[in-house]
Each structure stands twice: as C-alpha cells, then as structure tokens.
Amino acid sequence: MKSLTGPVDLALILIYPLIMNATIDSIEFLHANRIFTIFFREDLAFTEVRAILDHLLANHAFDAHLRQEMGWYQVELSHASFEVWVSNLDVVIQRGATS
C-alpha cells in the first residue's frame, strides 16, 4: 500500500481536504502495460477502474506534454460518474452522483 506521507505533489495538495478525515485505500493496478496506483474511499469494481483508466488514457492524462486538462477529470460511465485526480501514474477516484 502506498502512503500519502511521502513527497507531496500538486494533485495531493488539491485533494487533501477531501481525504483528511477519511480512510483512503490504495492498490497497484496493472492496465495497458502500466502500473497505476489507485487511491479510493469507496469500493470500486474492476470494470469501473478499467473504464476510468481507458478514459484517462484516451485523454492523455498521463502524458504531461499532451494533456489537455490540469489533472482533474469528470468521468461519466453508464451507471455512475466519478471525480478523478491524476498525478503521474497516481490516480485518485471519488464516486460522484449516480447518472
């Protein structure tokens, strides 16, 4: 499990208020030949994580020179929406309102 007490980057500074009083879990997740660290508060299905990562990869979220947004993404799936923060290969996922 990766700790949030290491070097602090911009994405973690932005989300710190959201996670300060909550238990955050993390997993290493292999997808598209990359190992991502996924941080989450609520249980997520593997299909949801894969769909979110596919959306982020399609939007170049992990390629700083091609990225169109500044690390924050709203991801809409058929059954739910997610707020997602990206920093390098670290991904913080928070479930939003049901669509």
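## A starting point: Ile 38

Let us begin in the middle of things, with Ile 38, whose bridge partner in β5 is Val 91. Please keep in mind that this is a predicted model. Ile 38 is also one of the residues with the most contacts inside the largest nonpolar core, and Val 91 is another.

Which residues does Ile 38 touch, once its neighbours within four places in sequence are set aside? Its contacts are Asp 25, Ser 26, Ile 27, Phe 29, Val 49, Leu 53, Val 91 and Ile 93.

## The chain at a glance

With that residue in mind, here is the wider layout. The chain has 2 helices and 5 strands, and reading from the N terminus the elements follow the order α-β-β-α-β-β-β.

Of the 99 residues, 35% count as buried. The accessible surface of the chain is about 6200 Å², and carbon and sulfur atoms hold 56% of that surface. Among contacts with a separation of 6 or more, 39% are between residues 24 or more positions apart.

## How the strands pair

Strand β1 pairs with β2 in the antiparallel sense, over 7 bridges. Asp 25, for example, has Phe 40 in β2 as its bridge partner. The two strands make a hairpin with 2 residues between them, and in its turn Ala 32 has a positive phi of about 55 degrees.

Strand β2 also pairs with β5: these two run parallel and are joined by 4 bridges. Besides the bridge between Ile 38 and Val 91, Thr 37 stands opposite Asp 90 in β5. Strand β2 is mostly covered, with 5 of its 7 residues buried.

Strand β5 in turn pairs with β4, in an antiparallel arrangement with 6 bridges. Here Asp 90 appears again, as the bridge partner of Ser 87. A hairpin is formed by β4 and β5 as well, with 2 residues between them; Asn 88 in the turn has a positive phi of about 55 degrees.

## The nonpolar core

How many residues make up the largest nonpolar core? There are 19, and those with the most contacts inside the core are Ile 38, Leu 53, Leu 56, Val 84 and Val 91. Two or more residues each come from β2 (34-40), α2 (46-58), β3 (72-76), β4 (81-87) and β5 (90-95). Helix α2 gives the most, with 4 residues. As a general background, nonpolar side chains in soluble globular proteins tend to be buried together.

## Two aromatic pairs

The structure holds 2 aromatic pairs. In one of them, the ring centres of Phe 29 and Phe 46 lie 5.8 Å apart with the planes at 25 degrees, so this pair is stacked. The pair links distant parts of the chain, 17 residues apart: Phe 29 is in strand β1 (residues 25-31) and Phe 46 is in helix α2.

Are these two rings' residues buried or exposed? Phe 29 is buried because its relative accessible area is 8%, under the 20% cut-off. Phe 46, at 52% relative accessibility, counts as exposed because the limit for that class is over 50%.

The other pair, Phe 36 and Phe 62, is tilted, with 4.8 Å from centre to centre and 55 degrees between the planes. This pair also links distant parts of the chain: Phe 36 belongs to strand β2, while Phe 62 sits in the loop between α2 and β3, 26 residues apart. Both Phe 36 and Phe 62 are buried.

Key. Residues are numbered from 1 along each chain as its sequence is written. This is a predicted model: local features need pLDDT of at least 70, side-chain atom pairs count only at pLDDT 80 or more; totals for chains, interfaces and linings use all residues. Side-chain values use heavy atoms; hydrogens and water are left out. A nonpolar core is a set of buried Ala, Val, Leu, Ile, Met, Phe, Trp, Tyr and Cys residues joined through side-chain atoms within 4.5 Å. Buried means under 20% relative accessible area, exposed over 50%, partly exposed in between (1.4 Å probe, protein chains only). Contact means heavy atoms within 4.5 Å. Rings of Phe, Tyr and Trp (its six-membered ring) pair if their centres lie within 6.5 Å; planes under 30 degrees apart count as stacked, over 60 as edge-to-face and the rest as tilted. Accessible areas come from the Shrake-Rupley method with a 1.4 Å probe; for residues, only the protein chains shown count as cover. Two strands pair if DSSP finds at least two bridges between them.
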